[in-house]
Protein chains: 2
Amino acid sequence: MITSVQNAKIKELEKLNNARTRGETGLFLVEGPHLVTEARNLGLLVEAYSLEDKDGYTQVSDNVMRKICNTKTPVSEVGVVKIPSNKGLSDKVLILDTIQDPGNMGTIMRSARAFDFKTIILSDGCVDIYNDKVIRSSQGAIFKLNFIKGNLLDIIPTLEGYDVYGTDVVNGISIKEVNKNKKIAVVMGNEGNGVSKEVRNILKKNIYIPLNETESLNVGVAASIIMYELNK
Amino acid sequence: MITSVQNAKIKELEKLNNARTRGETGLFLVEGPHLVTEARNLGLLVEAYSLEDKDGYTQVSDNVMRKICNTKTPVSEVGVVKIPSNKGLSDKVLILDTIQDPGNMGTIMRSARAFDFKTIILSDGCVDIYNDKVIRSSQGAIFKLNFIKGNLLDIIPTLEGYDVYGTDVVNGISIKEVNKNKKIAVVMGNEGNGVSKEVRNILKKNIYIPLNETESLNVGVAASIIMYELNK
């Protein structure tokens, strides 16, 4: 049982709360029994820590657990998980331009998994997907998706063979009229500002969700409805 | 300009943060210029308070504004708004059984408005809809919907002429196969536990969203997709 926050291993784990360390090691932390078990079942778990003495876990004291985790509310288990390798582009791709709310990001992941948008391309301005709130609200979907992060102005032009759609309230075609049998990529924009001007400039087509009056939707909901509709 | 938190009027306003006072007065508070302006445009604004000296507002000092509001982050304007009277049942009705997350509740309201589910029936266990987080994430939709709150076991049997659907991952018919031309009421359940057993027992039909594998969706997303699909 590890009881010292000065333990070298614990200091290493704590560094995984830092995006740069995650990039260098290819590892991230997940909190709570549900996510640890799911990572184990998928063969992505490297090691696990628990407040209890049980098989397959290193036992740690309460203060050590708090040191490892980000959360103020104590968790009973923490897992170290491999960042899955890039599996190549799926036929349906979601592109996120500066999505900043962790809850929205997690919700979008969960829906992407449910509707077979297996690849998510993230702009540099998006919230860190290994943020603990994102992981929690993704409900395990984060383990099963393929992520590509970078400058959308560089990545979008490389999507050969895809119909790439922007989302716009007024312009474009209704999502009910899109040809679902093609390879499709959809760009969703920031919560307040929508898709950035630079990205809009390189998109030739837009889609919209038919809505009552001039209402708008939460971006997580909008992305989910679009993926639901475009899923064959 | 009101500068004293001991002012009788300010003490009255502060009490509107209490659900019981809202029930007795038929009034609630909204925070921020966007919501105050929208309430005014809809004829629901009773009075408004601002940190600035401007037409149509009573000016208050920073400490008074903080006293009125719930939020730790200071807001520039607060409005006192009439709770709209019950406008009768719409043809499409959403029923919420113990939805507890304020963000989910606000998101659901926003989608209900966009997809013409103008009536929302709330179980007694739902989060207070006049909670400031709910109001904020509803983005003004709260002004335009019809709310009924009570015991679902009493209310559901009174919905004559409606097809009342529960939502269930495995049983029932796909939302794509529902007859949209009828009067429809859909019951969405709690974030963790779904529709309560007692309510499930009085429902004869269930609908589901076709999903990849055994995934599930955030309840705000699920409610939104169902309303999108069932909106004629």
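Strand β7 of chain B gives four residues to the lining of the second largest pocket, the largest share of that lining. The model is predicted. This briefing covers that pocket, the sheet of chain B that holds β7, and the domains and a further sheet of chain A.

**The second largest pocket**

- The second largest pocket holds about 270 Å³ of space.
- Its lining consists of 17 residues, and those closest to the centre are I83(B), I129(B), Y130(B), F147(B) and K149(B).
- Two elements of chain B, α2 (19-25) and β7, each give two or more residues to the lining of this pocket.
- Sorted by class, the lining has ten nonpolar, four charged and three polar residues.
- Both domain 1 (8-82) and domain 2 (92-230) of chain B contribute to the lining of the second largest pocket, with at least three residues from each.

**The seven-stranded sheet of chain B**

- In chain B, seven strands make up an open sheet with parallel pairing, and their order is β7-β6-β5-β10-β8-β11-β9.
- Its edge strands are β7 (146-150) and β9 (173-174) of chain B, each of which pairs on one side only.
- Five bridges in the parallel sense join β7(B) to strand β6 (residues 119-123) of chain B.
- F147(B), in β7(B), is the bridge partner of I120(B); F147(B) is also among the residues closest to the centre of the second largest pocket.
- Helix α9 (residues 219-230) of chain B packs on this sheet, where it touches β5 (92-96), β8 (162-167), β10 (183-188) and β11 (205-208) of chain B.
- The direction of helix α9 of chain B makes about 170° with that of β10(B).

**The domains of chain A**

- Chain A is assigned domain 1 (8-82) and domain 2 (92-230).
- The centres of domain 1 and domain 2 of chain A, taken over C-alpha atoms, are separated by 30 Å.
- Contact between these domains of chain A involves 14 residues of domain 1 and nine residues of domain 2.

**The four-stranded sheet of chain A**

- An open sheet of four strands in chain A has the order β1-β4-β2-β3, and its pairing is mixed.
- At the edges of this sheet lie β1 (27-31) and β3 (58-59) of chain A, and each pairs on one side only.
- Strands β2 (residues 45-50) and β4 (residues 77-82) of chain A are paired in the antiparallel sense over five bridges.
- Opposite A48(A) stands G79(A), in β4(A).
- Helix α1 (residues 8-15) of chain A packs on the sheet and touches β1, β2 and β4 of chain A.
- Between the directions of helix α1 of chain A and β2(A) the angle is about 115°.

Technical notes. Residues are numbered from 1 along each chain as its sequence is written. Chains are lettered from A and ligands numbered from 1 in the order in which they are written. This is a predicted model: local features need pLDDT of at least 70, side-chain atom pairs count only at pLDDT 80 or more; totals for chains, interfaces and linings use all residues. Side-chain values use heavy atoms; hydrogens and water are left out. Two strands pair if DSSP finds at least two bridges between them. Contact means heavy atoms within 4.5 Å. Axes are lines fitted to C-alpha atoms, for helices over the stretch in contact, and angles run from 0 to 180 degrees between N-to-C directions. On a 1 Å grid over the protein atoms alone, a cavity is a set of points where a 1.4 Å probe fits but cannot get out, and a pocket is an open set with protein on both sides within 12 Å along at least five of seven lines; lining residues have an atom within 4 Å of a point. Grid points are joined across faces, edges and corners, and a volume is the space filled by probe spheres set on the points. Ala, Val, Leu, Ile, Met, Phe, Trp, Tyr, Cys and Pro count as nonpolar, Asp, Glu, Lys and Arg as charged, and the others, Gly among them, as polar. Domain bounds come from an automatic or database domain assignment.
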